[in-house]
Amino acid sequence: MWKTVMAIVTLLIIAGCDNSTPSTPPRAATEAPHKISVAYTYQPQSTLIHVAVAKRYFADEGLDAQLLQHTHGKAALQSVLDGKADVATVAETPVMFSILSGARIFVLANIESSTLNNAIVANTDAGIKTAEDLKGKRIGYTPGTTSEFFLDSMLTAKGLAKNDIHAVALKPDEMQQAMQARQVDAVSTWNYPLTQIKHQLGPSGVVFYDRQIYTETFNIAAQQDFVGKHPETVRRFLRALIKAEEFVEKHPAEAQDIVATAAGIDKKLVQEVWDAFNYKVVLDQTLLLTLEDETRWALKNRLTEQSDMPDFASYVYLDGLMAVKPDAVLIRK
Amino acid sequence: MSVSARLRIISALAAAALLALGGILVGTFREFNFAKSNATLANAISDNYFQRAAFRDQYFLFREAHLRASWEKKRRLADELLGEATEKFTREREKRLLEQLRRNTDDATQLFQRIVQNTEALKTPGTNKLIHEELDRRLYSQLLLKATSLQNAALALQSATDERVEATYRRLSITVILFAFTLGIGSIMLTLHLSRLLKQRLLPLHDGAQMIADGNLEYRIEDGGADEFSDLAHSFNEMAIKISAMQLDLANRAEAAEAANRAKSAFLANMSHELRTPMNGIMGMIELATHRATDPKQLGWLNNSKASARHLLSIINDILDFSKIEAGKFQLSEEEMDVRVLPFNVCSMVAEGAAAKGLQLKTDVDSLPPKLLGDSTRLTQALLNLVGNAIKFTRTGSVTIRAIQEDEDAHSVALRFEVIDTGIGISPETMGRLFTPFEQADASTVRCYGGTGLGLAITRRLAQLMGGDAGVDSVVGEGSTFWFTVRLRKVEGDSPASMPASEAAMAELLRERHGGTRVLLVEDNEVNQMVAQAMLEEVGLVCDFAEDGEIAVGKIRDAQPGTYALALMDIQMPRMDGVTATKLIRQLESGKKIPIVAMTANAFNDDEVRCLEAGMNDFVSKPVAPDRLYGVLLKWLA
């Protein structure tokens, strides 16, 4: 009789605790791996990609990931637009410009956000002590990227217009050299160049932040055509990134090692900038708001030929993340 | 293990389980309440966010100071709520969301304040309006970003606390179900255990007890256990052993009592015989002497002797009667009788004594049925005892004998006999002892009046044997009424022809009808031979003698058939007793039909039965009363 009683009790307990756990669908061992080429950057914004590669999460998800490293997100996105890669890690500004210029892309997820990654680093020897001193100075920036948008925002916050300065267009990898050669007095850039230039300037370096004026997002973007044809690949890719997110949260020191090795950056530098970043795989309203905000700026400054605000929500692919981690989808279309 | 120990363990286990579950239940309930209060707090935080958002948007539209003040008020409330939440929220996820909320709230506050500052700056003359408007837009855009995060965090917190409420509620439900389930299962198991225990252990006890109750005292309840039921089984077995021993003891005692009773009966029979035989002789001799005596002086002495002998005989009869009654050997005969004449007969018996004391004798007889079935001798005896006493204890006045019919049904009649005297009366305390054997009113009574003190006791016993009782009503100085009641059966159907009632009439009839008829008298005692011979010759019968049974058998064998019309047979005789002789006579051709009447001092019913079984026809007890003998002779000579 005890066995019957125990069986009933067990059944009751099981019935009472019906917490089904989402699990990865079983994958046939013989199934051919899904190929995906990933255009990413060596920057800290791409940390989740670095970790996923190092921890073999892509392979675990049955992905055969081919990796194409770039200096910055705009270049990575370009390789997707050029058909050289399937997905890219890229900030919202290049995404916004691409959409304005008619690219048929989807944002699959936001993998990083920060209010401290963008700043203006200046040489005090050029007579710059405060942000207001930027007036009339030569300031380097990378057009079509967050560097340009942040520079504009910073100037506005300080009551300056773009024509109050001498804006000098530079590629990200040209900035350090330009500062060293005193071709510019300051640059609007991101990490790692930002911190590297600051170190390079030593006591002459000064950095102007404004956490409240801009929030950078780093995203996964892909051609809509690719997403339409390979939804399962997208899901596996996102699942691998979620695993990387969990790893980063639980083992930050190890993640820093991975990033330093993968990017060929001194670990001290990685650690110095680490707290500026928030690594979460999400899709929330921040992305849409920022895209719209930047579009207004682009339209006003005639940086695009478009004159209408696109429906950015239709450029966000929700199904992938919704299938993998529904809690992370916070966009209300 | 004993049943009580087992029940104690089960109770303790059940109590422990219920206590543990109860503890869990209370804990879960407290957790549920805690989760609920957290959910309420999260809800308040979320509400606060939406209220702030409303004031923020209104301020951005209208730039009015009171909207800013309302926003700030809500902001202060947000600080309080977040502070309270920091103390209450302990889970990692909740703490993380709280931190996010706090950071976003701070960011949003700073942004709002910058918007306010920028608004003020716009009012300053000479300001680059375009740039400030752009900044305003940019700041608001960032504020919306923070608000989104804030909203997400607030909703996530709310959802987290709701989940916790839901989870604790589910746990609470499960605990309640488990509690009820444990209670239910525990009760069922306890009931099953008890019922099985009762079935297994109580049933053999019940069966065993039934066996013992049915008299199977050798049965032993088998029980190998070590609990209270085993103790009970052991006690049952002990009880059976003791009952068995007691039963054996009782049987032995009963046998001993029976043996004592038999000895007593034998003694009574012997005493009866030994007392009555000489009395028969004495009275018979006196009777004979009275018939021959001519000298008046001698006749007077003889009459005195006769009276003394009669008195002695009545005392002997009383003692023997009482002994027989007490021994349970007393049996009443049932013959047709006329109760109406009873008072008159008794009157005639005592008339002489009453007249001698100058007492008036009266009879008061109700209208009674003429024929009833009963023992007239014993009824007479009972009434005579009362009347004799009344005459004895009354000095002047009268003694009245009254007979009343008290009750009647289809088969019987209840009669009441009263003897009313005008004597000294009896005190209430004395009345209680009067009917007790060997008791008299007081010790002086014996000295004054003599007697055995058995008369009233015998009357009461006789009345009781006849379905009634006896008693006395008395007032000291005014007299007493002694009474007894009896219930007699009615005569149903035809009755046999009645016999002449008086001795003289019967003697006359015998003389007329059977004068010269030869009768064989078998008697070893010479005196008794003489008495019997005189009685027989008085009525014209011829008497032959045989001194013992053997002679009697010889005489009948040798005689011509029809020589003896009847044989009177004593029982206790040397060489051959009457019973053996009768059996032998009945084997003779000439002895088959001869009526044989037992005539013995062995006056018990057992003797009568023994005689009848041996082949005798009737039974007359000694001392032989002439009327009884003549009645029997009339019956069998006919």
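In this predicted model, Gln256(A), Asp257(A), Val259(A) and Ala260(A) of helix H11(A) meet Lys267(A), Val270(A), Gln271(A) and Trp274(A) of helix H12(A). Sorted by class, the residues of this contact come out as four nonpolar, two polar and two charged. H11 spans residues 252-263 of chain A and H12 residues 267-274, and the two pack with their axes 9 Å apart at an angle of about 125°. An angle like that falls short of the 145 degrees beyond which helices count as roughly antiparallel, and it lies outside the 65 to 115 range for roughly perpendicular ones. H11(A) and H12(A) are therefore oblique to each other. As for the hand of the crossing, H11(A) and H12(A) cross in the right-handed sense.

Zooming out to the whole of chain A, the secondary structure amounts to 14 helices and ten strands. The chain has 333 residues, and 47% of them count as buried. Taking the contacts in chain A with a separation of 6 or more, 79% are between residues 24 or more positions apart.

Helix H5 of chain A, residues 92-100, is a mostly covered element, with nine of its nine residues buried. The list runs through Glu92(A), Thr93(A), Pro94(A), Val95(A), Met96(A), Phe97(A), Ser98(A), Ile99(A) and Leu100(A). And what sits over them? The cover on the buried residues of H5(A) includes, from chain A, helices H4 (73-81), H6 (146-157) and H13, along with strands S3 (87-91), S4 (105-114) and S10 (216-223). Just after H5(A), Gly102(A) adopts a positive phi of about 95°.

Next, the nonpolar cores. The largest one holds 127 residues, and Val187(A), Ala221(A) and Leu241(A) are those with the most contacts inside it. This core takes its largest share, 13 residues, from H4(B). Leaving aside residues up to four places away in sequence, Ala221(A) touches Leu77(A), Val80(A), Val87(A), Ala88(A), Val90(A), Val95(A), Ile105(A), Phe106(A) and Val107(A). One of these partners, Val95(A), is also among the buried residues of H5(A). There is a second, separate core of 40 residues, and its members include Val539(B), Leu568(B), Ala614(B) and Phe619(B).

That leaves the interface, where 20 residues of chain A are in contact with 23 residues of chain B. On the chain B side, helices H3 (92-123) and H4 (129-213) each supply at least two residues. H4(B) gives the most to this side, with 18 residues. By class, the side of chain B that touches chain A splits into ten nonpolar, eight polar and five charged residues.

H4(B) also packs against a helix of chain A: its axis and that of H13(A), residues 285-300, come within 9 Å and cross at roughly 170°. That angle makes H13(A) roughly antiparallel to H4(B). From H13(A), the contact draws on Gln285(A), Thr286(A), Leu289(A), Thr290(A) and Asp293(A), while H4(B) brings Ser141(B), Leu144(B), Leu145(B), Thr148(B) and Ser149(B). By class, the contact of H13(A) with H4(B) has three nonpolar, six polar and one charged residues. H13 of chain A thus turns up in two settings: it belongs to the cover of the buried residues of H5(A), and it packs with H4(B) across the two chains.

Definitions and conventions. Residues numbered from 1 in each chain as written. Chains lettered and ligands numbered in written order. Predicted model: local features only at pLDDT ≥ 70, side-chain atom pairs only at ≥ 80, totals over all residues. Contact = placed C-beta atoms within 7 Å. Helix = DSSP H or I, 4+ residues; strand = E, 2+ residues; numbered from the N terminus. Nonpolar A, V, L, I, M, F, W, Y, C, P; charged D, E, K, R; others polar. Axes fitted to C-alpha atoms, helices over the stretch in contact; angles between N-to-C directions. Parallel < 35°, antiparallel > 145°, perpendicular 65-115°, else oblique. Left-handed = near helix turned anticlockwise from the far one by under 90°. Buried ≥ 20, exposed ≤ 12 C-beta atoms within 10 Å, placed from the backbone. Core = buried A, V, L, I, M, F, W, Y, C linked by C-beta atoms within 7 Å.
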